[in-house]
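Welcome to my notebook. Please take a look at the model below before reading on.

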Amino acid sequence: MVSYEKTICPYCSCGCGIYLVIEDGKIIGQEPQSDHPVNEGGNCPKGRNAYQFLYSEDRLKTPLIRKNGTLVESTWDEALDLIASKLKEAGKNEFGLLASGKNTNEDAYVLQKFTRVVMGTNNVEYCGRLCHSSTAAGLGPVVGSGVMPISQLDLESADCVFLAGINLKETFPLMARRVMRAKENGAKVIVVDPRRTVTARELGDIHLQLKIGTDVAVINALMKIILDEGLENKEFIESRTTGIDELRKYLSSLSLEELAETCEIPIGTLQEAARCFAKAKTGSVLYNQGVNQHTTGSDAIRALASLALIAGQYGRPGTGLSPTRGQINGEGTGDMGCLNVFYPGFQKVGTGAHEKFEKLWDVENLPAEPGLPYTKMIQQTKYMWIVGTNPMMAAPDVDNVREALKAKEFLVVQDIYLTETAELAHVVLPVATWVEREGIHAYVDRRVQKIEKLIEAPGSAKPDWWVVVEVAERMGYKEKFDFSSPREIFEEIRQVVPPYKGITYERLKEALGGIQWPCPTEDHPGTSTFFTEKFNTPDGLGHLQVVEYRPPAELTDSEYPYFLTTGRTIFHYHTGTMSRRTPKLDSEVSYAQCQINPKDASSENIRNGQKVTLRTRRGSVEAEALISEQVPEGLVFLPFHFSESCANKITNPVLDPTCGMPEYKVCAVKLEVSK
Ligand code: SF4
C-alpha cells in the first residue's frame with residue numbers, strides 16, 4: 001500500500017514542504033509540495049534527496065556501553081540506569097549538556113529543564129552558540145531581539161537586498177529564489193563577501209569584495225557615506241532611534257580613504273552600495289556566518305543593525321536585519337532555552353528568570369548564574385551529555401576537543417550514527433529522527449511547523465525526549481518530568497513560553513506553511529513583521545551603536561602567509577552527517593576541495609587537482625587544490641563537511657569576548673604540496 005504524506009525538508013531552515021512516498025512503512029520516494037508557501041513546488045538538491053540518510057546501514061539501533069575500552073551492545077535499562085547513577089555523582093557545575101538545532105522544540109525543552117532542575121546548572125548550550133550567539137549579543141542592545149523580523153516570503157517585496165557574509169544560493173537556495181524574484185521586479189542586490197561566490201556572481205549587482213575580517217570597516221564606511229551625503233532617513237531616526245549624535249560624531253572622525261584602504265574596496269563601489277541601500281523604499285539585510293563567526297562578529301552585527309536603522313529600513317514587510325539560522329530548529333532550540341544565559345522564551349539568566357521558573361515548575365534553587373558557553377563547557381566539565389551534535393567536527397581546534405572529551409569522567413552521546421563524538425562516549429544512545437517521531441520546529445523566520453511521525457525508527461531507537469524523561473525518573477524527578485508524549489510537553493511549553501501560547505498541534509495541522517510566533521492567543525494569526533511601531537528594547541527605541549573596527553585575532557606573517565576561511569557547498573549540510581550518507585549528494589561532491597587563487601597557486605607551485613596540506617598553528621589537513629578565481633589573492637577557502645579533511649582541526653578557537661563565538665572564518669595558514 002502506497003501513501004503520499006506531507007512533511008518538511010530535514011535540511012535547512014527555509015522549511016520547504018515535501019511529500020514522502022511510503023510503501024509498507026518504508027519511504028520509497030519524494031516530491032516537492034506545490035502548495036507549500038515557502039517552496040511552491042521547488043526544492044534544492046538536498047531537499048530532492050531528503051530521506052536516504054535514514055536508511056544508511058550504520059544507523060544506531062541499540063544502546064552501547066563502553067566495557068574494557070570497547071563499545072558493546074546493551075539494553076535500554078542497563079544504559080539508562082548507568083547514566084542516572086553516574087550523573088548523580090556529578091557536582092552541579094561539573095555537568096554540561098549540548099543540544100542540537102535538529103532537536104524538536106519538545107526535545108529541547110526537556111533537555112534544558114533536565115539540566116536546570118535535575119543537575120542544578122545553566123550549563124546547557126546547543127550548536128546555535130557556534131552559528132548565531134553573536135546575533136543575540138549584537139542585536140540585543142540595538143533592537144532588543146535576535147530573530148528574523150520579517151517573513152522570508154516578503155523578501156520578494158524588497159527593492160534592495162543586502163547580503164552580508166551569506167552565500168544564499170548555496171546555503172538557503174529557496175530564499176535565494178525569493179531574492180531572484182525581487183531582482184526580476186527591479187531590486188538591486190548588494191553582496192558583501194571576500195569570495196566571488198555563486199551568489200555574488202549570479203545574484204549580486206554590487207559586490208563588496210572585502211578583505212576578510214574587515215566587515216566593521218565596510219559598514220562604518222557605508223554609514224559614513226550615508227550620513228555625509230544626507231541620505232539618512234531623518235524622520236525614522238528622529239522618531240524611532242537614539243544615539244545619532246554620537247554615531248555621527250564618531251563616523252565624521254573617520255577617514256573614508258582609510259576605511260576603503262582597510263577593507264580593500266574602491267570608494268566608488270562603497271558609495272554605489274551606500275546610495276543604493278539608503279535610497280531603497282524597502283531595504284532588507286540578510287546575514288550569516290561570514291559575519292557572525294569572528295571575534296568581532298557581535299560588533300559587526302551591531303554596526304549592521306545601525307546601518308539598517310539610519311536608512312529607516314525596519315518595521316515594514318521585507319525590511320530589517322535578518323539573521324539566517326541554518327538548522328531546521330536553530331530558532332526553536334534557542335526559543336526553548338538551550339542557552340547558558342537564557343531560560344525558555346529568552347528570559348535572561350540573572351534578571352530574576354530563575355525565580356519565575358521556580359514558580360512555573362514548582363521547584364526550588366534553580367541556577368541564577370550563567371552557565372558555561374559551548375567551547376568552555378567541553379573543556380571545563382567532568383560529565384557531559386551530548387545530543388544530536390558533533391563537536392568533533394563542529395567545534396574549532398578539534399584535536400583539543402578530542403583530548404577534553406576523552407578526559408571526561410562520563411560522556412553520554414545520543415545520536416543517529418556513531419559520529420566522531422559518539423566514538424569517544426561511555427554510553428551511546430540510538431535515537432529516532434525527523435519523521436520517525438513527532439514534534440515542532442521553528443524555522444528561519446519563526447515559522448513554527450509540525451513534523452508528524454510517518455515511519456518507525458530502526459531497532460530500539462527512541463525519541464530524545466523519552467530518554468530524558470527516563471533518566472529524570474531514575475534520578476528521582478518523575479513528578480517534574482511526567483510526560484508521556486510530545487503533545488504533553490508542548491502543552492507545558494505553551495504555558496511557560498508566551499510567544500507560543502496560541503499555537504496548538506491542531507492549528508499546525510491545518511496551517512499550511514505554519515504559524516510565525518509570537519502568537520499570543522488561539523485566534524491570533526501569528527506575527528510576520530516585527531518592530532512595526534516599537535523595538536523590543538526597554539524604551540522601545542532602536543539604539544544606534546558606535547563600533548570600532550578591530551582586525552582578526554590571527555594575522556598572516558611570513559610563516560603563515562595566507563588567510564583561511566571555511567564554508568559550505570550546496571550539496572552538503574554542516575558536518576556532513578546526513579548529506580554524506582545520501583549517495584546522490586555525496587557523489588556530487590565526495591571530498592574536500594580547497595579553493596586557491598591562480599596567482600597563489602602559481603607562487604606555491606600547486607597544480608589543479610593536486611593534494612595540498614593546509615597547515616595552521618593548530619595542525620594540518622589535506623585537501624585537493626581547486627584553482628579558482630572565486631577566491632582573491634591571499635585567501636584560501638575550505639568546506640567544512642568532510643571529516644577526512646576536517647576544517648575545524650585547524651581553525652582558530654579564539655572567542656568573541658562578548659558572546660563566546662569562535663573565530664571560524666579567519667586564521668592564518670600555509671600551503672604545501674602534499675608528499
Ligand atoms: Fe530543504 Fe532548504 Fe533546500 Fe528547501 S532550501 S529543499 S528546506 S535544504
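Here are my entries on what I looked up, place by place.

**Before I start**

I am working with a predicted model, so I read every value as computed from that model.

**Entry: the start of the chain**

I began with methionine 1, which sits in the segment before β1 (2-8). Is methionine 1 buried or exposed? I found it exposed, because its relative accessibility is 75%, and the cut-off for exposed is over 50%. I then looked up what methionine 1 touches beyond its sequence neighbours up to four places away, and found Ile22, Glu23 and Asp24. For one of these, isoleucine 22, I noted the C-alpha separation from methionine 1: 8.1 Å, with their positions 21 residues apart along the chain.

Next I turned to tyrosine 4, in strand β1. I noted tyrosine 4 as partly exposed, since its relative accessibility is 47%. Tyr4 also belongs to a nonpolar surface patch with Val2 and Ile28. Together, the three have about 280 Å² of accessible area.

**Entry: around the ligand**

Which residues are around the ligand? I listed Cys9, Tyr11, Cys12, Cys14, Gly15, Cys16, Asn43, Cys44, Gly47, Pro173 and Leu174. I sorted this shell by class and got eight nonpolar residues, three polar ones and no charged ones.

**Entry: helix α20**

I spent some time on helix α20, which covers residues 464-474. How many of its 11 residues are buried? I noted eight, so I wrote the helix down as mostly covered. The buried residues are Asp464, Trp465, Val467, Val468, Val469, Glu470, Val471 and Ala472. I then checked what these buried residues pack against. The helices on that list are α2 (76-88), α3 (105-118) and α21 (486-496). The strands are β16 (383-387), β17 (410-415) and β18 (427-430).

Within α20, I found a salt bridge between arginine 474 and glutamate 470, with the closest N and O atoms 2.8 Å apart. The two are separated by about one helical turn, because they are four residues apart in the helix. Glutamate 470 counts as buried, because its relative accessible area is 18%, and the cut-off is under 20%. Its partner, arginine 474, is partly exposed at 21%. Just after the helix, I noted glycine 476 with a positive phi of about 90 degrees.

**Entry: threonine 389**

Where is threonine 389? I placed it in the loop between β16 and α18 (391-394). Threonine 389 is buried, because its relative accessible area is 6%. Leaving out residues up to four places away in sequence, I found that threonine 389 touches Leu98, Ala99, Ser100, Cys127, Tyr374, Asp415 and Thr421.

**Entry: backbone angles**

I reminded myself that most residues other than glycine have a negative phi, and that most peptide bonds are trans. With that in mind, I looked up some exceptions.

Phenylalanine 346 has a positive phi, near 55 degrees. I located it in the loop between β14 (342-343) and β15 (347-348), and its 30% relative accessibility makes it partly exposed. Asparagine 365 also has a positive phi, near 60 degrees. Asparagine 365 lies in the loop between α16 (353-361) and α17 (374-380), and at 63% relative accessibility it is exposed.

For the peptide bonds, I noted a cis bond joining tryptophan 517 and proline 518, with omega about 0 degrees. Proline 518 is in the loop between β21 (515-516) and β22 (542-543).

**Entry: salt bridges**

Side chains of opposite charge can pair when their charged atoms come close. How many salt bridges did I count? The count comes to 40.

One of them joins lysine 86 and glutamate 89, with the closest N and O atoms 3.6 Å apart. Glutamate 89 is partly exposed, at 46% relative accessible area.

Another joins aspartate 299 and arginine 550, at 3.0 Å from N to O. Aspartate 299 is in helix α14 (residues 297-310) and arginine 550 is in the loop between β22 and β23 (562-567), so this pair ties together parts that are 251 residues apart in sequence. Aspartate 299 is buried at 7% relative accessibility, whereas arginine 550 is partly exposed at 34%.

My last note is on a network of salt bridges, which links Glu40, Glu156, Arg177, Arg178 and Arg181.

Technical notes
Residues numbered from 1 in each chain as written. Predicted model: local features only at pLDDT ≥ 70, side-chain atom pairs only at ≥ 80, totals over all residues. Heavy atoms only, no water. Buried < 20%, exposed > 50% of the residue type's maximum accessible area, 1.4 Å probe, protein only. Contact = heavy atoms within 4.5 Å. Near = heavy atom within 4 Å. Nonpolar A, V, L, I, M, F, W, Y, C, P; charged D, E, K, R; others polar. Patch = residues over 30% accessible without salt bridge, like charges linked within 9 Å, V, L, I, M, F, W, Y side chains within 5 Å. Areas by Shrake-Rupley, 256 points an atom, 1.4 Å probe, with all protein chains shown as cover. Salt bridge = Lys/Arg side-chain N within 4 Å of Asp/Glu carboxyl O.
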